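Trainee: I'm new to this one. Could you take me on a close look at the sheet and the rings that go with it?

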Amino acid sequence: MTQIERAVANSSAIRDRCIGSVLSGGGSRPFENAESSDWANMIDGFQKGTVESRLGIPIFYGTDAIHGNNNVWGATIFPHNFGLGATRDANLVRRIGEVTALETRACGSPYAFAPCVAVAKDPRWGRFYESYSEDTEVVRKMTSLVSGLQGQPPEGHPYGYPYVAGRNYVMASAKHFVGDGATEKGINEVNTIASHDEMFNIHLAPYIDCIAQGVCTVMPSYSSWNGDKMHSHKYLLTDVLKDKLGFKGLLITDWEALERLTDPHDSDYRQSVKSTINAGIDMVMVPFRYELFLKGLLSLVESGEIAMTRIDDAVERILRVKFVAGLFEHPFTDRFGWLQGT
């Protein structure tokens with residue numbers, strides 16, 4: 001249930017602390033101008049730690065491949081969502097997802113933190129360019145990026161279940177759930193004031209399309225809805241997303257989200273762990289202080305403040321997406337097959 005940054009990741013932590021995932025933060029890379037083979041060497045090195053672990057469960061590596069695998073030297077870079085939405089061309093966006101998936105997998109990463117399906121309602125929002133449109137229907141069309149990244153689910157694929165077509169594809173992440181494009185006065189990460197109907201009909205609608213395409217993960221927003229923080233919003237995360245909408249993938253936090261809920265001192269941080277996990281979060285993008293997170297999580301389970309049924313649900317979802325992504329069969333980078341389109 002723990003995702004850590006590559007800067008603090010090592011074989012010992014992955015082997016002995018049951019780390020579930022590693023990621024690159026913005027601009028974090030093996031070294032300056034690292035190419036795909038350099039990334040693959042680094043990620044495979046982390047993965048080797050799982051082979052030596054007690055359970056042998058592979059990690060997945062996540063990266064911000066949001067408009068191409070833009071952390072990697074020589075990768076193809078595409079326009080931001082704002083420009084792609086202007087094309088109104090869902091098939092183009094799907095094909096961009098396919099290219100991004102190929103170039104992301106070539107680096108050893110099976111997971112892209114994309115797409116952002118925010119419906120931007122105020123141009124003063126500094127991240128307006130991350131939205132495809134202020135029009136919900138346009139954003140819904142552009143969720144075709146999910147099928148580009150993950151592959152198109154076959155007819156009859158169970159609704160809500162994650163899907164990855166094969167080793168040329170990656171897990172996608174629909175974000176930031178939900179209403180991040182409509183915060184007050186366009187101020188990033190603050191409160192979204194909206195009625196139930198506005199939230200569901202305008203901002204939630206694109207997520208339904210992502211779920212229908214088998215999106216593997218959903219990432220909550222730093223923002224709030226009518227004063228309640230999204231990362232600890234049990235009604236939206238569990239009652240709506242998991243239960244009502246039938247999402248069977250995993251819920252992963254944004255970067256250091258727990259430290260944005262309460263003061264990051266130990267006692268308050270423990271409360272953040274409790275509120276987010278009980279709200280329905282399955283994996284926490286810690287990303288650095290993972291020993292503190294693990295200590296808090298274990299003590300909360302031992303005290304009964306977090307039920308084992310909640311842990312079981314989270315682990316089941318994490319394992320499900322790892323199986324879907326083929327990580328148990330093929331944990332290491334396919335160094336040649338992707339070049340041949342096999």
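Mentor: Sure, and let's start small: glutamine 3 stands opposite serine 21 in β2. Keep in mind that this is a predicted model. That facing pair belongs to a parallel match, where strand β1 (residues 2-5) is joined to strand β2 (residues 21-23) by 3 bridges.

Now step back to the sheet. It's an open one with 5 strands, paired in parallel, and reading across you get β4-β3-β2-β1-β11. At the edges you'll find β4 and β11, each of which pairs on one side only.

Next, the rings. Searching the whole structure turns up 7 aromatic pairs. One of them is phenylalanine 60 with tyrosine 111, an edge-to-face pair with 5.2 Å from centre to centre and 90° between the planes. Phenylalanine 60 sits in strand β3 (residues 60-63) and tyrosine 111 in strand β4 (residues 111-112), so this pair ties together parts that are 51 residues apart in sequence. Both phenylalanine 60 and tyrosine 111 are buried. They have company, too: ring pairs link Phe60, Tyr111 and Phe113 into a cluster.

Another edge-to-face pair is tryptophan 255 with phenylalanine 288, at 5.5 Å centre to centre and with 85° between the planes. This pair also links distant parts of the chain, 33 residues apart: tryptophan 255 is in the loop between β10 (250-251) and α9 (257-261), while phenylalanine 288 is in the loop between β11 (284-285) and α11 (290-302). Are these two rings buried or partly exposed? Tryptophan 255 has a relative accessible area of 23%, so it counts as partly exposed. Phenylalanine 288 comes out at 35%, so that ring is partly exposed as well.

Some rings have a charged partner instead. Arginine 289 puts its charged end over the ring of tyrosine 269, 5.2 Å from the centre. Over the face of tyrosine 222 you'll see arginine 260, at 3.8 Å from the ring centre.

Tyrosine 269 also brings us to phenylalanine 293. Leaving aside neighbours within four places in sequence, phenylalanine 293 is in contact with Met1, Thr2, Leu258, Tyr269, Val273, Val284 and Val286. Phenylalanine 293 is also among the residues with the most contacts inside the largest nonpolar core, alongside Phe177, Val215 and Val218; that core has 90 residues. Apart from it lies another core of 5 residues, including Cys116, Ala118, Trp125 and Phe128.

Conventions
Residues are numbered from 1 along each chain as its sequence is written. This is a predicted model: local features need pLDDT of at least 70, side-chain atom pairs count only at pLDDT 80 or more; totals for chains, interfaces and linings use all residues. Side-chain values use heavy atoms; hydrogens and water are left out. Rings of Phe, Tyr and Trp (its six-membered ring) pair if their centres lie within 6.5 Å; planes under 30 degrees apart count as stacked, over 60 as edge-to-face and the rest as tilted. Helices (H or I, at least four residues) and strands (E, at least two) are DSSP runs, numbered from the N terminus. Buried means under 20% relative accessible area, exposed over 50%, partly exposed in between (1.4 Å probe, protein chains only). A charge sits over a ring if NZ of Lys or CZ of Arg is within 6 Å of the ring centre and within 35 degrees of the ring normal. A nonpolar core is a set of buried Ala, Val, Leu, Ile, Met, Phe, Trp, Tyr and Cys residues joined through side-chain atoms within 4.5 Å. Contact means heavy atoms within 4.5 Å. Two strands pair if DSSP finds at least two bridges between them.
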